[in-house]
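Let us walk through this structure together, starting with the terms and then moving from the overall fold to single residues. Please keep the sequence and the model in view as you read.

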Amino acid sequence: MKRFYHFLKYVIDGSFYVIVIKTGMDFYEYKRFPRLHAADSAPWYTEALPYGAASAAVIIVCVILRAILRRRMDKK
């Protein structure tokens, strides 16, 4: 049970890294090639929004599971 608890911690950390790295890459591309995005009707960050939403969902589920596991481990 402890291994699963720590695994959830790594999933949460990895999800945060995905959000930060993906948004950073999109922002760098926008700043480096502004004319490439000039013709787009959507802002530069629209591609990063689905990654952020998916990562947020994973983070919420993992945080809830970690809280449940911590309560069970504290009872034992």
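A residue is called buried when its relative accessible area is under 20%, exposed when that area is over 50%, and partly exposed in between, using a 1.4 Å probe and protein chains only. Arg-66 is a good place to try this out: its relative accessible area is 18%, so it counts as buried. Before going further, please note that this is a predicted model, in which local features need pLDDT of at least 70, side-chain atom pairs count only at pLDDT 80 or more, and totals for chains, interfaces and linings use all residues. Residues are numbered from 1 along each chain as its sequence is written, and side-chain values use heavy atoms, with hydrogens and water left out.

Now for the overall fold. The chain has 3 helices and 0 strands, where helices (H or I, at least four residues) and strands (E, at least two) are DSSP runs numbered from the N terminus. Following the sequence gives the pattern α-α-α. The radius of gyration is 18 Å, well over the 11 Å that the globule rule gives for 76 residues, so the chain is more spread out than a compact globule. That radius is taken over C-alpha atoms, and the globule rule is 2.2 Å times the number of residues to the power 0.38. Along the principal axes, the C-alpha atoms fill a box of roughly 60 × 20 × 10 Å.

How much of the chain is buried? Buried residues make up 17% of the 76 residues. The chain exposes about 6200 Å², with carbon and sulfur atoms supplying 65% of it; these accessible areas come from the Shrake-Rupley method with a 1.4 Å probe, and for residues only the protein chains shown count as cover. As for charge, the mean positions of the 13 positive and 6 negative charges are 14 Å apart. Here Lys and Arg count as positive and Asp and Glu as negative, while His and the chain ends are not counted. Each charge is placed at NZ of Lys, CZ of Arg, CG of Asp or CD of Glu.

Contacts come next, meaning heavy atoms within 4.5 Å. Among contacts between residues at least 6 apart in sequence, 78% join residues at least 24 apart.

Which residues form the largest nonpolar core? It has 6 residues: Tyr-5, Leu-8, Ile-12, Ile-59, Cys-62 and Leu-69. Helix H1 (2-32) and helix H3 (48-75) each supply at least two residues of this core. A nonpolar core is a set of buried Ala, Val, Leu, Ile, Met, Phe, Trp, Tyr and Cys residues joined through side-chain atoms within 4.5 Å.

Let us return to Arg-66, which lies in helix H3. Leaving out residues up to four places away in sequence, Arg-66 touches Tyr-5, Leu-8, Lys-9 and Ile-12. Its C-alpha atom is separated by 8.6 Å from that of His-6, although the two residues are 60 apart along the chain. Seen from the other side, and with the same sequence neighbours left out, Tyr-5 touches Arg-66, Leu-69, Arg-70 and Met-73. Ala-56 is also in helix H3, and at a relative accessible area of 32% it is partly exposed. The C-alpha atoms of Ala-56 and His-6, 50 residues apart along the chain, are separated by 19 Å.

Now move to another set of contacts, beginning with Asp-26 in helix H1. Is Asp-26 buried or exposed? Its relative accessible area is 6%, so Asp-26 is buried. Not counting residues up to four places away, Asp-26 touches Trp-44, Glu-47 and Ala-48. Lys-22 is placed in helix H1 as well, and its relative accessibility of 15% makes it buried. Beyond its neighbours within four places, Lys-22 touches Glu-47 and Tyr-51.

Ala-48, in helix H3, is buried with a relative accessible area of 10%. With neighbours up to four places away set aside, Ala-48 is in contact with Thr-23 and Asp-26. Within the chain, the C-alpha atoms of Ala-48 and Val-58 are 10 residues apart in sequence and separated by 16 Å.

Finally, look at the loop between helix H2 (34-38) and H3, where Tyr-45 sits. Tyr-45 is partly exposed, with a relative accessible area of 39%. Its C-alpha atom and that of Thr-23, 22 residues apart along the chain, are separated by 7.3 Å.
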